[in-house]
Amino acid sequence: MLRTVIPTLMVLAASSAAAQEKNMTWKALEGDRLNLNGRIMQVHGISCPSPRIASGMSAKRLANTFLRGGIVVCATSLLEDGSELVDCAKRGNNGLTLSQMLVFSDLCRPRRDQECLAPRFDAMPTYATPPPGPRDV
């Protein structure tokens, strides 16, 4: 079943230091399912095994390592049913997105029912949350 992506694109960003300061939650629930600040999103274009098996747990660990290392930029797409798809990238990662890393590591498979959402964030300016101001400390 093909899902239609509404042409709405939102960009989220976090750095590991800013995430701790702002109590942001960026974590992988599974290799292909993320919790980004309380919003549960499916990683676009891939299917990973359950974390109850070794390869699924490895995919979840790789996704968590990716989300916690440096400045991460995620693009989301809203589907007609209200669910969101996401893919993330970070500067200095050879231009690979999270979904591409999971597929290239042979931990996950590409989904045939979704077109690739592989924005090139290395070509974009770096987005990060601002440093805490005097009122945030």
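**Reading the labels on a predicted model**

Reader: What makes K90 count as lying over the face of F66?

Author: K90 sits at 4.8 Å from the ring centre of F66. A charge is over a ring if NZ of Lys or CZ of Arg is within 6 Å of the ring centre and within 35 degrees of the ring normal. The value of 4.8 Å fits the distance limit, and K90 is placed over the face of the ring. This is a predicted model, in which local features need pLDDT of at least 70, side-chain atom pairs count only at pLDDT 80 or more, and totals for chains, interfaces and linings use all residues. Residues are numbered from 1 along each chain as its sequence is written, and side-chain values use heavy atoms, with hydrogens and water left out.

Reader: How many aromatic pairs does the structure hold?

Author: Zero. A pair would need rings of Phe, Tyr or Trp (its six-membered ring) with centres within 6.5 Å; planes under 30 degrees apart would be stacked, over 60 edge-to-face, and the rest tilted.

Reader: How do you know where the prediction is confident?

Author: By pLDDT, the predictor's confidence in each residue, from 0 to 100. The protein chain averages 75, and 65% of the residues score at least 70. Confidence is highest in helix α2 (residues 54-68), with a mean of 95, and lowest in helix α1 (residues 16-21), with a mean of 46. Helices (H or I, at least four residues) and strands (E, at least two) are DSSP runs, numbered from the N terminus. Over residues 16-21 pLDDT stays under 50, and the model has six contacts there beyond four places in sequence; a contact means heavy atoms within 4.5 Å. Where pLDDT is low, the predicted coordinates should not be read in detail.

Reader: Why is the link between R39 and E84 called a salt bridge?

Author: The rule asks for a side-chain nitrogen of Lys or Arg within 4 Å of a carboxyl oxygen of Asp or Glu. R39 and E84 meet at 2.4 Å, N to O, so the pair qualifies. R39 lies in strand β4 (residues 39-43) and E84 in strand β7 (residues 84-90), so the bridge ties together parts 45 residues apart in sequence. The count is two salt bridges, and E30 with R33, at 3.5 Å, is one of them.

Reader: What makes E84 buried or exposed?

Author: Buried means under 20% relative accessible area, exposed over 50%, and partly exposed in between (1.4 Å probe, protein chains only). E84 has 17%, so E84 is buried. Its partner R39 has 28% and is therefore partly exposed.

Reader: Which residues touch the most other members of the largest nonpolar core?

Author: L34, V86, C88 and L98, in a core of 21 residues. A nonpolar core is a set of buried Ala, Val, Leu, Ile, Met, Phe, Trp, Tyr and Cys residues joined through side-chain atoms within 4.5 Å. Helix α2 gives the largest share, four residues. Not counting residues up to four places away in sequence, L98 touches L34, V43, A63, F66, D87 and C88.

Reader: What is notable about the phi of N37?

Author: Most residues other than glycine have a negative phi. N37, in the loop between β3 and β4, has a positive phi near 55°. D106 has a positive phi too, about 65°, and lies in the loop between α3 and β8. N37 is partly exposed at 38%, whereas D106 is exposed at 68%.
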